[in-house]
Amino acid sequence: MAAIKRAAAAQRQADLVDLAKEAFTRAQVAWLLRVRETEVTAMLQRHRLLGFKLGGRWRIPLWQFVRDEPVDVLPDLDCLEQTFPVGIAELSRWVQQSHPELDGRTPRDAIAGGDVDAVLRAAARHSRDGT
């Protein structure tokens, strides 16, 4: 049993290392959003931004940013995180894959297009059924 737990922990760490390749640092997000790093920390604490620590430093996955000018953050990430509580690595994979129940869109694109409720329903279904 201990070996299984160690293997699972090692896999979670590997997933975070992979995810960090497509993530900003706290300083980069501050520059991008034109705010102070302390505001980025507050956004992380309020779950307005989703992130994880790797090597003691925050990493914030790129998918949650709207690339319009000025750059902004996707809305309702706190609700998405509550609906999809399995972890940032799996959530990040899920939001970037197209889904039939979202008319073939990715959840990220559906949220950016204003269809948050459909994404939350799909996230709840995925969390419940694993689909």
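Contact is taken here to mean heavy atoms within 4.5 Å. The structure described is a predicted model, and the account begins with a single serine before turning to its surroundings. S92 belongs to helix α5. With its neighbours within four places in sequence left aside, S92 is in contact with L19, P61 and W63. The relative accessible area of S92 is 2%; because the limit for a buried residue is under 20%, S92 counts as buried.

The burial of S92 is shared by much of the helix around it. In α5, the buried residues are I88, A89, L91, S92, W94 and V95. Helix α5 spans residues 88-95, and six of its eight residues are buried, so the helix is largely enclosed by the rest of the structure.

Two members of this helix, L91 and W94, also figure prominently in the largest nonpolar core. This core comprises 38 residues, of which L49, W63, F65, L80, L91 and W94 touch the most other members. Its largest share is contributed by helix α7 (residues 116-129), which supplies six residues. The surroundings of W63 can be listed in full: beyond residues up to four places away in sequence, W63 touches L50, L74, L77, L80, L91, S92, V95, Q96 and R108. Three of these partners, L91, S92 and V95, are among the buried residues of α5.

Aromatic pairing was examined next. A search of the whole structure finds two aromatic pairs. One is formed by F24 and F65, with 5.5 Å from centre to centre and 70° between the planes, an edge-to-face arrangement. F24 lies in strand β1 (residues 23-25) and F65 in strand β4 (residues 65-66), so this pair ties together parts that are 41 residues apart in sequence. The two rings differ in burial: F24 is partly exposed at 23% relative accessibility, whereas F65 is buried, with a relative accessible area of 2%. The other pair consists of F84 and W94, whose ring centres lie 5.1 Å apart; their planes meet at 35°, so the pair is tilted. F84 is found in the loop between α4 (77-83) and α5, and W94 in helix α5, so the parts tied together here are ten residues apart in sequence. Both partners are buried, F84 with a relative accessible area of 1% and W94 with one of 3%.

A further arrangement involves helices α2 and α3. Helix α2 (residues 26-33) packs against helix α3 (residues 37-45) at an angle of about 105°, and their axes are 8 Å apart. Angles of 65 to 115 degrees count as roughly perpendicular, and α2 and α3 are therefore roughly perpendicular to each other. On the α2 side, the contact involves R26, A27, V29, A30 and L33, which meet E37, T38, V40, T41 and M43 of α3. By class, this contact has six nonpolar, two polar and two charged residues.

Helix α3 itself has a run of buried residues, namely V40, T41, A42, M43 and L44. The cover over the buried residues of α3 includes α2, together with β3 (57-61) and β5 (72-73). Of these buried residues, V40, T41 and M43 also take part in the contact with α2. After α3 comes H47, which has a positive phi, near 65°.

Technical notes. Residues are numbered from 1 along each chain as its sequence is written. This is a predicted model: local features need pLDDT of at least 70, side-chain atom pairs count only at pLDDT 80 or more; totals for chains, interfaces and linings use all residues. Side-chain values use heavy atoms; hydrogens and water are left out. A nonpolar core is a set of buried Ala, Val, Leu, Ile, Met, Phe, Trp, Tyr and Cys residues joined through side-chain atoms within 4.5 Å. Buried means under 20% relative accessible area, exposed over 50%, partly exposed in between (1.4 Å probe, protein chains only). Helices (H or I, at least four residues) and strands (E, at least two) are DSSP runs, numbered from the N terminus. Axes are lines fitted to C-alpha atoms, for helices over the stretch in contact, and angles run from 0 to 180 degrees between N-to-C directions. Angles under 35 degrees count as roughly parallel, over 145 as roughly antiparallel, 65 to 115 as roughly perpendicular and the rest as oblique. Ala, Val, Leu, Ile, Met, Phe, Trp, Tyr, Cys and Pro count as nonpolar, Asp, Glu, Lys and Arg as charged, and the others, Gly among them, as polar. Rings of Phe, Tyr and Trp (its six-membered ring) pair if their centres lie within 6.5 Å; planes under 30 degrees apart count as stacked, over 60 as edge-to-face and the rest as tilted.
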